[in-house]
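Biologist: I'm new to reading protein models. Could you walk me through this one, feature by feature?

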Amino acid sequence: MKTVRLALVGVGNVGQRLLTLIDERRETLCKEYQLDLLLTCVADSSGVAMNDSGFELAALAGHKAGRGRLAELPEFCAGLSFTDALEIASCDMLLETSPLDLETGDPGLANSRAALQQGMHLVLANKSPLALAHGELLDLAATNDVGILY
């Protein structure tokens, strides 16, 4: 069984649905693909929460669906930025679902750069990083021997 440690930024509609899909398909992923996806770092507009043992995905999605904030969770890391969290989280992959900003690309672009520099694979729902820095992100991925999916 291969465990893939995930970081997720953005727990709005897309992020919540992603959590639900991973949770619903956990058994299939384990049995058919010998793959265990473990969410250990998550960020929303209130900040970052981290759990080395992994978050319970259905509970987290339910908390967010009920308008809950990560700042209300016991795993909340007050004052820690998401890019700083990526440096200490030991994640294998970033799932980037933050809001789109075609002016600056942030926070998605900064998160994408940080993840790739840390040697994490990158999955983008937010396309502004690609629109503004496609070549740079591909170069960072190649330099760090990781992939980008979008």
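Modeller: Sure, let's begin with empty space: the largest cavity has a volume of about 40 Å³. This is a predicted model, where local features need pLDDT of at least 70 and side-chain atom pairs count only at pLDDT 80 or more, while totals for chains, interfaces and linings use all residues. Residues are numbered from 1 along each chain as its sequence is written, and side-chain values use heavy atoms, with hydrogens and water left out.

Biologist: What counts as a cavity, and which residues line the largest cavity?

Modeller: Rolling a probe the size of a water molecule over the atoms shows where empty space is left. On a 1 Å grid over the protein atoms alone, a cavity is a set of points where a 1.4 Å probe fits but cannot get out, and lining residues have an atom within 4 Å of a point. Points are joined across faces, edges and corners, and the volume is the space filled by probe spheres set on them. Here the lining is made of Leu-6, Leu-8, Leu-18, Leu-19, Ile-22, Leu-39, Leu-57 and Leu-95. Two elements, β1 (2-9) and α1 (13-24), each give two or more residues, and α1 gives the most, with three. Helices (H or I, at least four residues) and strands (E, at least two) are DSSP runs, numbered from the N terminus.

Biologist: Now the sheet. What is the order of the strands?

Modeller: Two strands pair if DSSP finds at least two bridges between them. In this model, six strands make an open sheet in the order β3-β2-β1-β4-β5-β6, with mixed pairing. At the edges sit β3 (47-50) and β6 (148-149), each pairing on one side only.

Biologist: Which strands does β1 run parallel to, and over how many bridges?

Modeller: β1 runs parallel to β2 (residues 35-44), with eight bridges joining them, and Ala-7 stands opposite Cys-41 in β2. β1 also pairs with β4 in the parallel sense, over four bridges; there, Leu-6 stands opposite Met-93. Met-93 in turn stands opposite His-121 in β5.

Biologist: Is β1 largely enclosed or open, and why?

Modeller: Buried means under 20% relative accessible area, exposed over 50%, and partly exposed in between (1.4 Å probe, protein chains only). Six of the eight residues of β1 are buried, so the strand is largely enclosed by the rest of the structure.

Biologist: How many disulfides are there?

Modeller: A disulfide is a pair of cysteine sulfur atoms within 2.5 Å, and by that rule the count is zero. The sulfur of Cys-77 is 7.6 Å from the closest cysteine sulfur, in Cys-41, which is too far for a bond. Cys-91 is in no disulfide either: the nearest cysteine sulfur, that of Cys-41, is 5.3 Å away.

Biologist: And how many salt bridges does the structure hold?

Modeller: A salt bridge is a side-chain nitrogen of Lys or Arg within 4 Å of a carboxyl oxygen of Asp or Glu. The structure holds seven. In one of them, Asp-52 meets Arg-5, the closest N and O atoms being 3.3 Å apart. This pair links distant parts of the chain, 47 residues apart. Asp-52 is exposed at 57% relative accessibility, whereas Arg-5 is buried at 18%. Another joins Asp-44 and Lys-64 (2.6 Å, N to O). Asp-44 lies in strand β2 and Lys-64 in helix α3, so the pair ties together parts 20 residues apart in sequence.

Methods. 1 Å grid on protein atoms, 1.4 Å probe; cavity = no way out; pocket = protein on both sides within 12 Å on 5 of 7 lines; lining within 4 Å.
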